[in-house]
Amino acid sequence: MAKTIQKVREHIDKARIAESITTSEALERKRKVQAEMSEIMRNRDLSEIGRANAVSTLKQKHGIEFLQDAYQLKQIYMAELRKAKEGADSIVYAKPKKPNAVMLERFEDELKALKTELMLTTRADTAKQKVEAFIHKHVKTADDRFFAFRVRDEFQTIATPILETAGIESAKYRSILGEMFERLDQISLTDDAREARQILDLADSMMERGTLYSGLVIESMTDTLGGEYASYLNKPEVFFEDKPELKPEDYVHPEDTPQARAARAAEERREKEQREFAESWRSLNAKIDQWRQEKEPEEKQ
């Protein structure tokens, strides 16, 4: 089942929440370490060496725990961004609903004729006018998204004969064709698809950056825990590479549990069956309408 743009936004929001709590988590950890360190320093039963060892053990304990938290937080962060990308991708590349069979057949016949005419045309301006007329006829509003998709998909074939006959004006016609393609691209996208494109770019940049902890937090935790721990805050997976016994369990997104996958597969099967039934019904109605139109002249005679 395809996600709505609202669900995609929620994944981004959850990733940002994970990013935003790192400062408060670090502050809370710092307070714990300082409180326990104060107790060690007040313990008169410990020698100087004993206090130093206790502090070292304390930093090790909290350093590992904090990196375990950082590991889990980063996994949640990356999982939500992956889900955002998956959902946004499905919206951007969702195929628009096909028109009825009769309209589709007529469009495909005219598109085929256009491509033939372009191959036979020797003047770039004439070919351009033919393309503009075709687009004006079939692609007017967002309701014509399917036709916009089809023309866009065939645009390389459409553009090539124009550029080949443009000669020294090829740069001019390349620009004109680029503007045509951009208009088709815009019409072929819904408002949700445009937003989904922006989310794809955002999720990519957030994943590439992959830094949940700011430089100030790392500097503060270096003073608190030591660089041997704080330096791994934005790459905790590296710290645990040779310490598998300390690494937390990998995070499983709620949508990826076996139960969620099974429910999603069942829903997708139901949606497919409904689409196939609706398509068959539309096709049957179109054939009936065509048959009636063909019979009317005979009955009048």
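Tyr77 is buried in this predicted model, with a relative accessible area of 0%. Because the limit for burial is under 20%, the 0% of Tyr77 places the residue in the buried class. Tyr77 belongs to helix H3, which spans residues 48-92. Setting aside neighbours within four places in sequence, the contacts of Tyr77 are Ala15, Ala18, Glu19, Met206, Arg209 and Leu212. Met206 also takes part through its backbone, since its oxygen is reached by the side chain of Tyr77 at 3.4 Å. Lys14 is 63 residues from Tyr77 along the chain, and the two C-alpha atoms are separated by 7.5 Å.

Arg150 is a second buried residue, with a relative accessibility of 19%. The cut-off for burial is under 20%, and therefore Arg150, at 19%, counts as buried. Its place is in helix H6, residues 145-153. Beyond residues up to four places away in sequence, Arg150 touches Phe107, Glu108 and Leu111. With Glu108 there is also a polar contact between side chains, at 2.8 Å.

Thr165, in helix H7 (residues 155-166), is partly exposed, its relative accessible area being 30%. The class of partly exposed residues lies between the buried limit of 20% and the exposed limit of 50%, so Thr165 falls within it at 30%. A polar atom of the Thr165 side chain lies 3.0 Å from the backbone oxygen of Pro161. Apart from neighbours within four places in sequence, Thr165 is in contact with Thr121, Thr122, Arg123 and Ala124. Ala124 is 41 residues away from Thr165 in sequence, yet the C-alpha to C-alpha distance is 5.4 Å.

The polar distances of these three residues are listed below.

| Residue | Partner | Distance |
|---|---|---|
| Arg150 side chain | Glu108 side chain | 2.8 Å |
| Thr165 side chain | Pro161 backbone oxygen | 3.0 Å |
| Tyr77 side chain | Met206 backbone oxygen | 3.4 Å |

A packed helix pair completes the description. Helix H2 (residues 22-42) packs with helix H10 (residues 215-225) at an angle of about 15°, their axes being 10 Å apart. H2 is therefore roughly parallel to H10, as angles under 35 degrees are classed in this way. The crossing of H2 past H10 is left-handed. On the H2 side the contact is formed by Thr23, Ala26, Arg29, Lys30 and Val33, and on the H10 side by Val217, Ser220, Met221, Thr224 and Leu225. By class, the residues of this contact comprise 5 nonpolar, 3 polar and 2 charged.

Conventions:
Residues are numbered from 1 along each chain as its sequence is written. This is a predicted model: local features need pLDDT of at least 70, side-chain atom pairs count only at pLDDT 80 or more; totals for chains, interfaces and linings use all residues. Side-chain values use heavy atoms; hydrogens and water are left out. Helices (H or I, at least four residues) and strands (E, at least two) are DSSP runs, numbered from the N terminus. Buried means under 20% relative accessible area, exposed over 50%, partly exposed in between (1.4 Å probe, protein chains only). A polar contact is a pair of N or O atoms within 3.5 Å; within protein, one must be able to donate a hydrogen and the other to accept it, and residues adjacent in sequence count only if both atoms are side-chain atoms. Contact means heavy atoms within 4.5 Å. Axes are lines fitted to C-alpha atoms, for helices over the stretch in contact, and angles run from 0 to 180 degrees between N-to-C directions. Angles under 35 degrees count as roughly parallel, over 145 as roughly antiparallel, 65 to 115 as roughly perpendicular and the rest as oblique. A crossing is left-handed if the near helix is turned anticlockwise from the far one by less than a right angle, and right-handed if clockwise. Ala, Val, Leu, Ile, Met, Phe, Trp, Tyr, Cys and Pro count as nonpolar, Asp, Glu, Lys and Arg as charged, and the others, Gly among them, as polar.
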